[in-house]
Amino acid sequence: MSSAPIDGQRHPAIVILDFGSQYSELIARRVREKNVYSLIVKHTIDINELRLIKPKGIILSGGPNSVYDQGAPLCDPGIWDLGVPIIGICYGMQLMVHQLGGLVKIAKQAEYGKAPLKISNSTHLLAKVYQDSTVWMSHGDSCESLPEGFIRLACTNNTPDAAIANLERQLYGVQFHPEVVHSTYGMVIIANFIYNICGCEPNWTTEIFIEEAMNQIRYQVGDKRVLLALSGGVDSSTLAFLLHRTIGNQLTCMFIDQGFMRKGEPEFLMDLFERKFHLQVHYINARERFISKLSGIFDPEEKRKIIGTEFIRVFEEESKRLGPFDYLAQGTLYPDVIESAGINLDSKTGKRVAVKIKSHHNVGGLPKDLQFKLVEPLRRLFKDEVRQVGRRLGLPEEIVCRHPFPGPGLAIRILGDVTHEKLNILRDADFIVREEIKKGGLYSNIWQAFAVLLPVRSVGVMGDKRTYAFPIVIRCVSSEDGMTADWSRLPYDLLECISNRIVNEVKGVNRVVFDVTSKPPGTIEWE
């Protein structure tokens, strides 16, 4: 991933060096929640690149390795003399100690989970942090001796040096994770670092981002035409509103209806964007084309590939018909940028691994001969930031809070082969699930709520008659980012209402079950 400012725009105030922590993105989000712009870079970034970025502060993430392991990820030692404040978190703190002459060894007693923080120096980093407040520990190594010039700020029962500092050089370390919610004063510590120690200004706001993005779009696009594949999700919808506000009729939106949308969504989206908000949207009805391609296909990965390939073909045909276009707009987000750069490290080997992004996501894998230049103004944002931008641009709450929906749509929520009958059954059942959850006031508290149709039939009794029909699975999960998820604890009376409605109103269903599997070990989607 490039360490230079993205798209020639502002420099990040805080740079996060990633050593393979599962929390690196969370650290960046926590900094941004304080209205300070942050970016994640590889831990191997050269000191000269860091000088070009000119950060006001640096955060070293945690990681799964031990600093004394052969091949353990290290940073450029010149970072310690860069002259900007640095805080190391968990592995980042141990690396600081290790590279500056201290000693890190296997802890006499590993520490995982909650621990009370006993503060001995409450100035600077730990200002306004309460004595014995809870912090979240996750380490098997500990600092045996500190480098010259470092002092202890706090300890826990099992960790003598839970927080350390070299006040003169503005180097800090915490053995715990302030970015997780279990650390009760974690955000206070982060705020102390970015505001009081680094001197950052809270100037990363939705309004400022929109202004900067519009200026960058005008500069990049000029008077050229831009094509956007609109899906109706929050990412592409926010992008459509942003582009339309910036370049008006230079934007053309294409909505490809592949036949796997939820009940009433194609009609709702066309009415919303074209008639209510006056966006130029070309509707392409390709339902039969897609469904026919899936006839007799049972393997989920094959279904994904077929849908992705067919989408590309339809997109290519229609873009040539509607064009020519100079630019293709994509709703790429910051997590996509991080993943596609292969910044993640294998948790066992410590080696960087590339993450495969599905081909149907954000129109990936388009033919090279289309010769589009990409416009990706959202690529600096996390999902929650996109929602904030959407709200500020006037995007309806129904779109802003829309649950994530897979590119292949209902085709991968029907296990096995896809038919018109099964699509109709699933659409009706899925509509009931979402409608009742909205009525119960729980929709905004759930990451995803949907129905799944299983490729089996079970015996039932309805009206004194024997039935042999499909079961429907209710899948509801709670999550912050979709990387991990827990099944949502829905009230029994709500589950009863959903079940009764589905069995009574959806022809072809006689049984409803509730999925109580978290991620991991399961995935959110069934295919």
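Contact, as used here, means heavy atoms within 4.5 Å. Helices (H or I, at least four residues) and strands (E, at least two) are DSSP runs, numbered from the N terminus. This is a predicted model, where local features need pLDDT of at least 70, side-chain atom pairs count only at pLDDT 80 or more, and totals for chains, interfaces and linings use all residues. Residues are numbered from 1 along each chain as its sequence is written, and side-chain values use heavy atoms, with hydrogens and water left out.

**Helix α11 and what packs on it**

Let's start with helix α11, which covers residues 383-392. Which of its residues are buried? They are Glu 385, Val 386, Arg 387, Val 389 and Gly 390; buried means under 20% relative accessible area, exposed over 50%, and partly exposed in between, with a 1.4 Å probe and protein chains only. The cover over these buried residues includes α1, α5 (206-221), α6 and α12 (397-400). After α11 comes Gly 394, with a positive phi near 95°.

**Where domain 1 meets domain 2**

The domain assignment gives domain 1 (14-197), domain 2 (215-335 + 373-401) and domain 3 (420-514); such bounds come from an automatic or database assignment. The centres of domain 1 and domain 2, taken over C-alpha atoms, are 40 Å apart. Seven residues of domain 1 are in contact with seven residues of domain 2.

Interface size is often quoted as the accessible area lost when the parts come together. Here, domain 1 and domain 2 bury about 630 Å² between them, with 51% of it on carbon and sulfur atoms. That area is what two parts lose on being put together (1.4 Å probe), summed over both. Glu 25, Arg 29 and Arg 32 supply 62% of what domain 1 buries against domain 2, more than any other three residues.

How many salt bridges are there between domain 1 and domain 2? There is one, a salt bridge being a side-chain nitrogen of Lys or Arg within 4 Å of a carboxyl oxygen of Asp or Glu. Glu 385 forms a salt bridge with Arg 32, and their closest N and O atoms are 2.8 Å apart. Three residue pairs are in polar contact between domain 1 and domain 2, both partners at pLDDT 80 or more. On the domain 1 side that touches domain 2, α1 (24-33) and β2 (38-42) are the elements that give two or more residues. The largest share of that side, four residues, comes from α1.

**The annotated binding site and Arg 402**

An unreviewed UniProt entry places a "binding site" feature at Ser 231, Gly 232, Gly 233, Val 234, Asp 235, Ser 236 and Ser 237. UniProt positions follow the numbering used here, feature names are shortened, and annotations may be inferred rather than shown by experiment.

Asp 235 sits in helix α6 (residues 234-247) and is buried, with a relative accessible area of 11%. Leaving aside neighbours within four places in sequence, Asp 235 is in contact with Gly 331, Leu 333, Leu 378, Lys 383 and Val 386. Ser 236 is in α6 too, and is buried at 9% relative accessible area. With the neighbours within four places in sequence left aside, Ser 236 is in contact with Leu 228, Ala 229, Leu 230 and Ser 231.

What about Arg 402? Arg 402 lies in the loop between α12 and α13 (420-439) and is buried, its relative accessible area being 9%. Its contacts, apart from neighbours within four places in sequence, include Gly 233, Met 261, Arg 387 and Tyr 443. The polar contacts around Gly 232 and Arg 402 are tabulated below; a polar contact is a pair of N or O atoms within 3.5 Å, where within protein one must be able to donate a hydrogen and the other to accept it, and residues adjacent in sequence count only if both atoms are side-chain atoms.

| One partner | Other partner | Distance |
|---|---|---|
| Gly 232 backbone nitrogen | Ser 236 side chain | 3.5 Å |
| Arg 402 side chain | Gly 232 backbone oxygen | 3.4 Å |
| Arg 402 side chain | Glu 265 side chain | 2.7 Å |

**Backbone oddities**

Most residues other than glycine have a negative phi, and most peptide bonds are trans. Lys 54 has a positive phi, near 60°, and is exposed at 63% relative accessible area. A cis peptide bond joins Gly 323 and Pro 324, with omega about 10°.
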